[in-house]
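Me: I'd like to learn how to read a model like this one, feature by feature. Can you take me through it?

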Amino acid sequence: MRSISIFGATGSIGESTFDLIMRGGGPEAYRTVALTGARNIPRLAEMARALRAEVAVTAHEECLPALRDALAGSGIECAAGAAAIAEAADRPADWVMSAIVGAAGLVPGLRALRHGGTLALANKESLVTAGPLLLATAARYGATLLPVDSEHSAVFQALVGEDKSAVERVIITASGGPFRSFTLEQMQSITPAQAVKHPNWSMGQRISIDSASMFNKALELIETREFFGFDPDQIEVITHPQSIIHAMVGFCDGGIMAHLGPADMRHAIGFALHWPNRGDVPVERLDLAQLASLDFEAPDPARFPALRLARDVMAMRGLSGAAFNAAKEIALDGFIAEELSFLGMAEVVETTLSQLSRQNSLQIDATTLEDVLNMDHLARETAASAVKSWQQGK
Ligand code: NAD
Ligand code: MG
């Protein structure tokens with residue numbers, strides 16, 4: 001029986017993963033080792049009971065009594081805190097879903113790789129923060145790292161059987177989000193409630209806002225570079241409002257392989273679950289006649305400066321990805337708390353990167369966890385003071 005763990009089980013990706021596992025036979029077909037979540041204890045307990053998990057872990061110590069109550073009599077172990085999540089990743093499982101949001105997903109992912117199984121990586125922040133470390137850890141322990149981000153799953157699928165040296169370009173698509181046709185003027189007053197409403201995808205709050213600002217696409221540019229190793233100038237972003245084509249790979253003979261699929265993450269999750277085979281995945285089938293047209297346009301760098309910042313990071317490498325992601329997380333917190341405007345997020349990230357770059361802090365390679373975590377910490381502090389300065393200058 002295949003063993004699995006889901007980190008971030010109660011989130012949007014976690015729920016979709018749970019759905020596929022349940023449809024695939026649930027506890028009769030899979031042995032579930034660990035499920036983790038944060039504050040949604042009733043749902044975490046319900047999932048743990050449904051899958052008869054060995055252990056359920058909440059990120060928050062204060063939620064442990066509620067988790068214990070909810071799992072009383074089930075025989076399922078309970079634990080709490082970041083260290084307990086990392087320990088849960090030490091328990092071997094054949095297939096692990098990494099779907100915690102933010103840099104908090106890095107350590108559990110690294111620890112899970114040490115068993116040499118498969119890590120299905122939805123947590124793009126860990127690749128942006130510590131791509132070289134993650135890839136080296138996978139190689140060292142003979143683990144398989146599979147992309148779950150829809151664009152990266154699409155690139156991966158388009159590359160099956162291809163010689164990577166024949167690849168000329170990789171094009172990832174962006175929906176453009178809810179503000180695709182807003183003017184710069186209109187973008188000054190965007191609220192968190194507006195930003196969280198994605199036109200095509202149903203996702204967690206943070207990635208939805210990142211999609212609206214195109215910080216998500218910025219992370220994905222860096223993710224493409226780190227995961228596949230293409231040069232930055234080979235990687236393009238195109239706005240495609242229908243979100244039907246997720247990515248395209250262009251080859252040296254001028255041909256382009258495009259990957260099409262519905263805007264349902266269960267396709268990419270199912271691909272990673274069944275890899276190297278293909279399994280049935282219950283997503284809606286595309287009706288091309290009904291779709292009728294697929295549109296494309298170049299993203300506007302003036303309204304979406306995150307893309308330019310990602311290009312800077314791809315050129316700099318070193319610890320700049322760790323700094324970029326951490327600063328973005330702080331800026332996002334600031335926007336959600338209404339301390340920072342929508343466009344202010346990019347200003348804070350840019351200020352943070354240029355301050356750290358002036359101090360020559362970004363040049364070290366992201367190859368040790370200590371260096372990465374130190375940079376994550378430093379960039380969070382730098383970004384937090386940039387948020388304060390932004391407010392004072394308002
Ligand atoms: P979400 O907010 O819906 O869920 C996040 C999960 O992480 C929850 O289970 C939550 O309990 C847990 N969590 C939050 N903070 C934590 C912390 N500090 N420590 C431990 N656990 C914590 O997010 P999501 O939309 O499911 O996204 C998860 C990851 O997948 C992100 O990295 C995101 O970028 C990526 N991703 C998501 C989608 C999507 O469609 N939702 C698509 C591509 C990639
Ligand atoms: Mg994506």
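What follows is a walk through the fold, the ligand site, the cysteines and a few backbone and side-chain details.

Me: Before we start, what should I keep in mind about the numbers and the names?

Reply: This is a predicted model, so local features need pLDDT of at least 70 and side-chain atom pairs count only at pLDDT 80 or more, while totals for chains, interfaces and linings use all residues. Residues are numbered from 1 along each chain as its sequence is written, chains are lettered from A and ligands numbered from 1 in the order in which they are written, and side-chain values use heavy atoms, with hydrogens and water left out.

Me: OK, the fold. How many helices and strands does the protein chain have?

Reply: Here helices (H or I, at least four residues) and strands (E, at least two) are DSSP runs, numbered from the N terminus. By that count the protein chain has 17 helices and eleven strands.

Me: And what does the radius of gyration say about the protein chain?

Reply: The radius of gyration is taken over C-alpha atoms, and the globule rule is 2.2 Å times the number of residues to the power 0.38. For 394 residues, a compact globule would come out near 21 Å, and the protein chain agrees with its 20 Å. Along the principal axes, the C-alpha atoms fill a box of roughly 55 × 50 × 40 Å.

Me: What share of the residues is buried?

Reply: Buried means under 20% relative accessible area, exposed over 50%, and partly exposed in between (1.4 Å probe, protein chains only). Buried residues account for 55% of the 394 in the protein chain.

Me: Now ligand 1. Which residues come nearest to it?

Reply: A residue is near a molecule if one of its heavy atoms lies within 4 Å of it; the rule for a strand is the same. There are 23 residues around ligand 1, and T10, S12, I13, A38 and E125 come nearest. The shell divides into 13 nonpolar, seven polar and three charged residues. In that scheme Ala, Val, Leu, Ile, Met, Phe, Trp, Tyr, Cys and Pro count as nonpolar, Asp, Glu, Lys and Arg as charged, and the others, Gly among them, as polar.

Me: Where does the backbone come up to an oxygen atom of ligand 1?

Reply: A polar contact is a pair of N or O atoms within 3.5 Å; within protein, one must be able to donate a hydrogen and the other to accept it, and residues adjacent in sequence count only if both atoms are side-chain atoms. A backbone N or O atom of G8 sits 3.3 Å from an oxygen atom of ligand 1. For a polar backbone atom of A122 the distance is 3.4 Å, and for a backbone N or O atom of V101 it is 3.5 Å. Taken as a whole, the protein covers 84% of the 820 Å² of accessible area that ligand 1 has on its own; such areas come from the Shrake-Rupley method with a 1.4 Å probe, and for residues only the protein chains shown count as cover. Helix 1 (12-23) and helix 6 (124-141) are the elements that give two or more residues to the shell.

Me: Helix 6 again, then. What does the side chain of T129 contact?

Reply: T129 lies in helix 6 and is buried, at 3% relative accessible area. A polar atom of its side chain is 2.6 Å from the backbone oxygen of E125. The side chain of T129 also makes a polar contact with the side chain of N325, at 3.5 Å.

Me: How many disulfides are there?

Reply: A disulfide is a covalent bond between the sulfur atoms of two cysteines. The rule used is a pair of cysteine sulfur atoms within 2.5 Å, and the count comes to zero. Take C78: the closest cysteine sulfur, in C63, is 12 Å from its own, too far for a bond. C78 is partly exposed at 21% relative accessibility, whereas C252 is exposed at 56%.

Me: Last one: which backbone details should I look at?

Reply: Start with the peptide bond from W275 to P276, which is cis, with omega near 10°. P276 is in the loop between helix 12 (266-274) and helix 13 (288-291). Then there is M214, not a glycine, yet with a positive phi of about 70°. M214 lies in the loop between helix 10 (205-213) and helix 11 (215-228), and it is buried at 2% relative accessible area. N360, not a glycine either, has a positive phi of about 55°, and its place is the loop between helix 16 (344-358) and helix 17 (369-393).
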